[in-house]
Amino acid sequence: MDRQYQDGDSAWKIYFMIKRGLFYIGIALIVGFVSMAFKPLSSEEYQWFYVDKNEEILYEFPSKKSTDYISLNIPFTGNFFIGFKEALGFKESQGKYHKVNSLGYMGKYQFGATTLATIGIKDSARFISSPKLQEKAFVALLSKNKWELRDEIEMYEGKMIDGVQITESGILAAAHLGGVGSVKKFLKTNGKKKCKDAYGTSIKSYMKQFGGYEIASIVPDKNPIVK
C-alpha cells in the first residue's frame with residue numbers, strides 16, 4: 001500500500017513537472033514571437049524602399065516650372081514680378097518691413113529718406129509702420145527708374161557686360177541698390193566702372209542675381225507720387 005502511494009505520488013510529480021515545463025516553453029515562444037515584430041527590416045530584402053543615386057527625383061523644389069506645383073497649395077512665383085520683388089526684399093532686409101539698418105535705410109526694400117521724398121513720401125514714421133505704403137513705394141520707384149533708364153534698357157538689354165547678361169530686371173535692381181547714375185556709368189564703361197554701396201555690395205552682383213525676371217507690368221513714369 002505504501003509502495004502504491006509512493007508510485008502514485010511520483011507520477012503526479014512527473015506530471016506537474018511536465019506541465020510546468022510546457023508552461024515556460026509557451027512563455028518563451030510568445031516572447032520570441034513578439035520580439036520578432038520589432039526587428040528592423042533588412043535593407044537587402046527591401047531594396048525598393050531606397051532611391052538609386054542615378055534615379056531622377058521628381059519631387060525636388062523649388063522649381064521654376066509652374067507645372068511642378070499643380071498639386072501643391074503654395075504660391076508659385078517663378079520669374080514673375082512677385083518673385084522679383086520678394087527676392088529683392090529678402091536680399092535687402094530678409095523681408096522685414098520694420099527693419100532700419102545702421103545707415104538709416106528703412107523697411108523691406110531699404111529706402112532712404114531722400115529717395116522717399118522723390119516719390120512723395122515725407123513721413124518716415126508712417127512709412128516704416130505701413131507695409132502697404134512700402135509696397136506702393138517700391139513699385140513707384142521702379143516706375144521712376146524705368147523711365148530714367150529707358151534708353152539704357154533699350155540699348156543694353158540682352159548684351160553681355162563684364163560676364164553678366166544685361167536684363168531689364170537686373171538694371172532696375174541695380175538702380176534700386178546704387179541709383180540710376182551708378183547704373184549708367186557701369187553700362188557706358190562696359191563694366192569698368194565698379195560701383196558698390198556702403199556695405200561693399202556691387203551693382204554688378206544685383207544685375208546678375210536679379211536678372212531675367214518678367215517686369216513688363218511696371219509702367220515707366222517720370223514723376224510717380226505715392227498717395
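**Exercise 1. With which residue does K108 form a salt bridge whose closest N and O atoms are 3.1 Å apart?**

Solution. Some ground rules come before the steps. This is a predicted model, in which local features need pLDDT of at least 70 and side-chain atom pairs count only at pLDDT 80 or more, while totals for chains, interfaces and linings use all residues. Residues are numbered from 1 along each chain as its sequence is written, and side-chain values use heavy atoms, with hydrogens and water left out.

Step 1. A salt bridge is a side-chain nitrogen of Lys or Arg within 4 Å of a carboxyl oxygen of Asp or Glu.

Step 2. The partner of K108 at 3.1 Å is E135. K108 lies in the loop between α2 and α3 and E135 in helix α5, so this pair ties together parts that are 27 residues apart in sequence. Helices (H or I, at least four residues) and strands (E, at least two) are DSSP runs, numbered from the N terminus.

Step 3. Both K108 and E135 are buried; buried means under 20% relative accessible area, exposed over 50%, and partly exposed in between (1.4 Å probe, protein chains only). For K108 the relative accessible area is 3%.

**Exercise 2. Trace the network of salt bridges that includes K85.**

Solution. Step 1. Start with K85, whose side chain meets that of E86 in a salt bridge of 2.7 Å, N to O. K85 is buried at 14% relative accessibility, whereas E86 is partly exposed at 34%.

Step 2. Go on from E86 to K108: the closest N and O atoms of this salt bridge are 3.0 Å apart. E86 is in helix α2 and K108 in the loop between α2 and α3, so the pair ties together parts that are 22 residues apart in sequence.

Step 3. Add the bridge from K108 to E135. The network then links K85, E86, K108 and E135. The structure holds 7 salt bridges.

**Exercise 3. Find the buried residues of helix α8 and state where they lie around its axis.**

Solution. Step 1. Helix α8 spans residues 180-188, and its buried residues are V180, S182, V183, F186 and L187.

Step 2. They cover an arc of only 165° around the axis, which puts them on the same side of α8. The arc is that of the directions from the helix axis to the C-beta atoms.

Step 3. The cover over these residues includes α5 (131-148), α6 (150-156), β1 (160-161), α7 (168-178) and α9 (203-209).

**Exercise 4. Describe the backbone at Q94 and at N190.**

Solution. Step 1. Most residues other than glycine have a negative phi.

Step 2. Q94 is not a glycine, yet its phi is positive, about 60°. Q94 sits in the loop between α2 (81-93) and α3 (113-118), and its relative accessible area of 48% makes it partly exposed.

Step 3. N190 comes just after α8 and has a positive phi of about 55°. The loop between α8 and α9 holds N190, which is partly exposed at 48% relative accessibility.

**Exercise 5. Which residues form a nonpolar patch on the surface?**

Solution. Step 1. Patches are made of residues with over 30% relative accessible area and no salt bridge; like charges are joined within 9 Å, and nonpolar side chains (Val, Leu, Ile, Met, Phe, Trp, Tyr) within 5 Å.

Step 2. I18, L22, I25 and L29 form the patch, with about 440 Å² of accessible area together. Such areas come from the Shrake-Rupley method with a 1.4 Å probe, and for residues only the protein chains shown count as cover.

Step 3. I25 belongs to helix α1, residues 2-37.

**Exercise 6. Summarise the whole protein and say where its pLDDT is below 50.**

Solution. Step 1. The protein has 9 helices and 2 strands. From the N terminus the order is α-α-α-α-α-α-β-β-α-α-α.

Step 2. Of its 227 residues, 31% are buried.

Step 3. The mean pLDDT is 81, and 68% of the residues reach 70 or more; pLDDT is the predictor's confidence in each residue, from 0 to 100. Over residues 41-51 it is below 50, and this stretch has 4 contacts in the model beyond near neighbours in sequence. Contact means heavy atoms within 4.5 Å. Residues 55-61 also stay under 50 in pLDDT. Where pLDDT is low, the predicted coordinates should not be read in detail.
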